[in-house]
Amino acid sequence: MAKLDLNANDFQNIQPAAPEILPVGEYTMQIIKSERRDTKSGSGWYLQLEFDVLSGPCAPGRKFWDRLNLKNTNEQAQSIAQRQFHAIYTALGMALPPSDSEQLHFKPLRVVIKHKENKQGGLEAQAKYLPAEGSVTQGAAAAPQAPVNATGGAPKPWERHKK
């Protein structure tokens, strides 16, 4: 036990720090914790994932969390979560969804973070999951080649995203 000789007045006007969202960028992360939780309504469940940042625009060791509504009465929420979950397990080299979420733990994957405005007007991080650089999975799932433009050279940056 330590006796604290503190003045209560020193703590009067302290405002809690607003939680910082992960900066936009590309990261290497690993899932370190996963938990299946029931929704508030009790009509479904979600998978809560905790990631540890291994490299990227912020310091290693920083945390990132994602929630996947894998069983939800809202079909759109469930569909989005299923696509995200598919992206995660395929990025980790799995052909089928794992039977236990612990099979996802401590395997590196790339996570591209973008920010979007939420319903309350604040920013939230949105993640896109990809195989880690140089992983066996990345070589196995060959990326489609960028189309060549009419002049025969590589496409211009603004041409790459046309459908």
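**Exercise 1. Aromatic pairs**

Find how many aromatic pairs a search of the whole structure gives, and describe the pair of Phe 51 and Phe 64.

*Solution.* Start with the count: the search returns three aromatic pairs, where rings of Phe, Tyr and Trp (its six-membered ring) pair if their centres lie within 6.5 Å. Keep in mind that this is a predicted model, in which local features need pLDDT of at least 70 and side-chain atom pairs count only at pLDDT 80 or more, while totals for chains, interfaces and linings use all residues. Residues are numbered from 1 along each chain as its sequence is written, and side-chain values use heavy atoms, with hydrogens and water left out.

Next, take the geometry. The ring centres of Phe 51 and Phe 64 are 5.7 Å apart and the planes meet at 50°, so this pair is tilted; planes under 30 degrees apart would count as stacked, and over 60 as edge-to-face. Finally, place the rings: Phe 51 sits in strand 2 and Phe 64 in strand 3, 13 residues apart, so that distant parts of the chain are linked. Strands here are DSSP runs of E with at least two residues, helices are runs of H or I with at least four, and both are numbered from the N terminus.

**Exercise 2. The sheet**

Work out the strand order of the sheet and which strands stand at its edges.

*Solution.* First, the order: five strands form an open antiparallel sheet, arranged 3-2-1-4-5, with pairing that requires at least two DSSP bridges between two strands. Strand 3 (63-71) and strand 5 (123-131) each have a single partner strand, so one side of each lacks a neighbour in the sheet. From one strand to the next, the twist averages 45°.

Now walk through the pairings:

- Strand 1 (residues 25-38) and strand 2 (residues 45-55) are joined by ten bridges, and Thr 28 stands opposite Ser 55.
- Strand 1 and strand 4 share six bridges, including Gly 25 with Ile 113.
- Strand 4 and strand 5 share nine bridges, with Glu 117 opposite Leu 123.

To finish, look at the hairpin of strand 4 and strand 5: five residues lie between the strands, and Gly 121 takes a positive phi near 90°.

**Exercise 3. The lining of the largest pocket**

Identify the element that gives the most to the lining of the largest pocket, then sort the lining by class.

*Solution.* Strand 3 gives the most, with seven residues. By class, the lining has eleven nonpolar, seven polar and twelve charged residues. Here Asp, Glu, Lys and Arg count as charged, Ala, Val, Leu, Ile, Met, Phe, Trp, Tyr, Cys and Pro as nonpolar, and the others, Gly among them, as polar. A pocket is an open set of points on a 1 Å grid over the protein atoms alone, where a 1.4 Å probe fits, with protein on both sides within 12 Å along at least five of seven lines; lining residues have an atom within 4 Å of a point.

Conventions
Axes fitted to C-alpha atoms, helices over the stretch in contact; angles between N-to-C directions.
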